[in-house]
Structure formats: structure tokens, C-alpha cells
Amino acid sequence: MSRRIRHITLLLLCFAGFVVDGFVVNCMAQQSNEAVIRDIKGAYESLDFSVAEARIEAALEGFDRFTPAELGEIYTVYALILFTRNDQAGTRKQLALALQVNPALQLSPQDTPPQVIDILDELITLRNTASPAETELRYLVIEDVRPAAVMRSMILPGWGQLHKNERTKGIALMSAWGVSAAGALLSHTRRQQAEEDYLAALTPADIEDRYSTFNQWHKTRNNLIVAAAGIWVFSYVDALLKRPAAGKQSPVRLTYTPAPNQHNLTLRYSF
């Protein structure tokens with residue numbers, strides 16, 4: 001009984017460890033977003049505009065990792081950089097994007113040129129005076145499906161991958177885990193029977209033969225348990241860390257940029 005209690009306690013500790021690890025990784029991802037924005041602002045404040053722009057472009061390649069508020073900050077810094085280059089159209093476009101993802105956007109007059117604040121006020125006025133059809137939000141923010149995928153993979157390996165539309169991987173993981181788990185249960189049953197036969201042996205020949213059978217089933221069971229546990233861990237970590245392909249979640253992205261006397265509509269499709 002004490003051995004079973006130790007095994008159950010070990011499994012619970014492992015389970016708790018994976019859960020805590022999930023929260024730690026999520027926190028690290030959030031800190032990483034903050035670090036990216038901090039680096040962008042640091043380069044801008046140091047007047048190293050080329051570096052800041054390169055960091056912005058790199059960040060926007062994976063824009064779905066950021067929250068709308070974080071995206072608003074990135075677009076705003078980009079607008080300020082373009083303003084220093086006397087690119088009025090670019091400044092207006094980036095402020096319009098920032099306003100789309102963060103409708104409550106406000107700029108501090110202490111560290112923002114008055115002309116940029118005027119452009120933002122003009123865009124806000126345009127938005128407020130436009131018809132509902134013109135002010136409809138058309139910027140798509142892709143939801144991160146990994147938390148839900150992690151919970152599913154925690155229950156059944158491969159389920160999280162299926163949730164992320166990774167059907168081949170999900171089916172393979174689920175099948176491999178099912179075979180190894182079923183094999184471990186069967187091997188455990190055969191091991192117990194072999195152990196009873198071994199303990200009941202009386203002659204040296206029977207003892208040697210039955211011990212060999214018992215030892216074989218013991219190793220087989222342990223190897224299958226390790227295999228099942230490895231598949232479970234891989235499925236969990238893969239669901240937690242790997243982002244689903246953007247095309248599988250939302251292949252079509254429609255972006256609308258308001259401007260005086262014109263309306264810019266961009267349609268992107270990702271394969």
C-alpha cells in the first residue's frame with residue numbers, strides 16, 4: 001500500500017509541476033512582450049530610429065502575440081519615427097492603426113509633438129463623425145488558442161493538437177499514447193501474475209525460469225510507462241509552446257485605414 005501511495009504522490013507532484021511550468025512560461029511570454037516594447041521605445045528615445053524601426057518590423061511579423069494595447073504602443077512609436085522623417089502619410093496611417101486596436105488611445109503632450117497630437121485628434125474626429133458603416137472595426141486580433149490546447153493535452157495527449165487543427169500530429173500522439181498506456185496496463189497485469197508464480201516457485205529451475213519471465217514483464221511495463229509519460233509530456237509542451245499557423249486560425253485578414261477623403265482597405269490571405 002505504501003508503494004502505491006508513493007507512486008500516486010509522485011504522479012500528483014509531476015502533474016502540479018507541469019501546471020506551474022505552464023504558468024511560468026505564460027508569464028515569461030508576457031515579460032518578453034514587455035521587453036520587446038521596452039527595447040523599441042529605448043531605441044526611439046536614444047534617437048536610433050533605424051534600430052527602432054527594424055525592431056518594430058520584426059515585432060509586427062508576429063503581431064498576434066501582442067495584446068491590442070501593446071500593438072497600439074508599437075504603432076504609436078512607429079508613427080513618431082515616421083513623423084521625424086517628415087512622412088505625414090505614414091504617420092497618419094500608423095496612428096490610424098493604433099487607434100483601431102486601441103480606441104481609447106491618448107498621447108501625452110509632454111513627450112509627443114503637437115502636430116502628432118493634432119493628427120490623432122483629427123482621426124478621432126473623423127471616426128466620431130463618420131457613419132457606423134465607415135467606423136466599423138475591421139482589424140482582426142487572432143485569439144491565442146494555446147491555453148485551451150494545453151488543458152486538452154493535459155487530459156488526453158493529442159487532443160490539444162487537434163484543437164489547433166494539427167490533425168496528423170494530434171492523431172499520431174493520441175494513438176501512440178493509447179497504445180503505450182494500454183500496453184503498460186496489460187504488462188502490469190502480466191507482471192503481477194508472473195510475480196505470484198515466481199514467489200510460489202520451489203525448485204531452483206522453476207525459480208530461475210519464473211524470475212526471468214517476471215523480470216521481462218517488469219522491464220516491459222516500465223518501458224511502456226516511460227513511453228506513455230514521454231508522449232504526454234511532449235504533447236503538453238508542444239501545445240503550450242508551439243503557436244498554430246496563422247493560416248489555420250484565420251487565413252483572411254482585412255485591415256481598414258481611415259484617412260480624409262479616402263478609405264484604404266487591405267486584404268491579406270496567408271497560406
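Helices and strands are DSSP runs, numbered from the N terminus, with at least four residues for a helix and at least two for a strand. With that numbering in hand, Asn86 is easy to place: Asn86 sits in the loop between α3 and α4. Welcome to this predicted model, a protein of 271 residues, of which 32% count as buried. It has 10 helices and two strands, and the points below walk through some of its features.

**The overall layout**

- Following the sequence, you will meet the elements in the pattern α-α-α-α-α-α-α-α-α-α-β-β.
- If you take the contacts between residues at least 6 apart in sequence, 62% of them join residues at least 24 apart.

**Helices α3 and α4, side by side**

- Helix α3 covers residues 68-84 and helix α4 covers residues 88-101; their axes come within 8 Å and cross at roughly 170°.
- An angle over 145 degrees counts as roughly antiparallel, and α3 and α4 are therefore roughly antiparallel to each other.
- On the α3 side, the contact is made by Pro68, Leu71, Gly72, Tyr75, Thr76, Tyr78, Ala79, Leu82 and Phe83.
- On the α4 side, the residues making the contact are Gln88, Gly90, Thr91, Gln94, Leu95, Leu97, Ala98 and Val101.
- Sorted by class, the contact of α3 with α4 has 11 nonpolar and six polar residues, and no charged ones.

**Two loop residues with a positive phi**

- Some background helps here: most residues other than glycine have a negative phi.
- Asn86, in the loop between α3 and α4, has a positive phi of about 60° although it is not a glycine.
- With a relative accessible area of 62%, Asn86 is exposed.
- Leu47 also has a positive phi, near 65°, and is a residue other than glycine.
- You can find Leu47 in the loop between α1 (2-45) and α2 (49-61).
- Leu47 counts as exposed, at 63% relative accessibility.

**Aromatic rings around α8 and α9**

- Searching the whole structure turns up five aromatic pairs.
- One of them is formed by Tyr198 and Phe214, and this pair is stacked, with 6.1 Å centre to centre and 5° between the planes.
- Tyr198 lies in helix α8 (residues 167-199) and Phe214 in helix α9 (residues 204-241), so the pair ties together parts that are 16 residues apart in sequence.
- Tyr198 counts as partly exposed, at 26% relative accessibility, whereas Phe214 is buried, with a relative accessible area of 12%.
- Tyr211 joins Tyr198 and Phe214 in one aromatic cluster.
- Tyr211 lies in helix α9 and is partly exposed, with a relative accessible area of 40%.
- Leaving aside neighbours within four places in sequence, Tyr211 is in contact with Tyr198 and Asp206.
- Between the C-alpha atoms of Tyr211 and Ala201, 10 residues apart along the chain, the separation is 9.2 Å.
- Glu196 lies in helix α8 and counts as exposed, at 51% relative accessibility.
- The C-alpha atoms of Glu196 and Phe214 are separated by 8.9 Å, and these residues are 18 apart along the chain.

**Gln161 and a charge over a ring**

- Gln161 is found in helix α7, which runs over residues 159-163.
- The relative accessible area of Gln161 is 0%, so this residue is buried.
- Not counting residues up to four places away in sequence, Gln161 touches Ser153, Glu166, Lys169, Gly170, Leu173, Ser235, Asp238 and Ala239.
- Arg152 lies over the face of Trp159, at 5.5 Å from the ring centre.

**Ile124 in helix α5**

- Ile124 has its place in helix α5, residues 114-129.
- Leaving out residues up to four places away in sequence, Ile124 touches Leu99 and Leu105.
- Ile124 and Ala104 are 20 residues apart along the chain, and their C-alpha atoms are separated by 9.6 Å.

Methods:
Residues are numbered from 1 along each chain as its sequence is written. This is a predicted model: local features need pLDDT of at least 70, side-chain atom pairs count only at pLDDT 80 or more; totals for chains, interfaces and linings use all residues. Side-chain values use heavy atoms; hydrogens and water are left out. Axes are lines fitted to C-alpha atoms, for helices over the stretch in contact, and angles run from 0 to 180 degrees between N-to-C directions. Angles under 35 degrees count as roughly parallel, over 145 as roughly antiparallel, 65 to 115 as roughly perpendicular and the rest as oblique. Contact means heavy atoms within 4.5 Å. Ala, Val, Leu, Ile, Met, Phe, Trp, Tyr, Cys and Pro count as nonpolar, Asp, Glu, Lys and Arg as charged, and the others, Gly among them, as polar. Rings of Phe, Tyr and Trp (its six-membered ring) pair if their centres lie within 6.5 Å; planes under 30 degrees apart count as stacked, over 60 as edge-to-face and the rest as tilted. Buried means under 20% relative accessible area, exposed over 50%, partly exposed in between (1.4 Å probe, protein chains only). A charge sits over a ring if NZ of Lys or CZ of Arg is within 6 Å of the ring centre and within 35 degrees of the ring normal.
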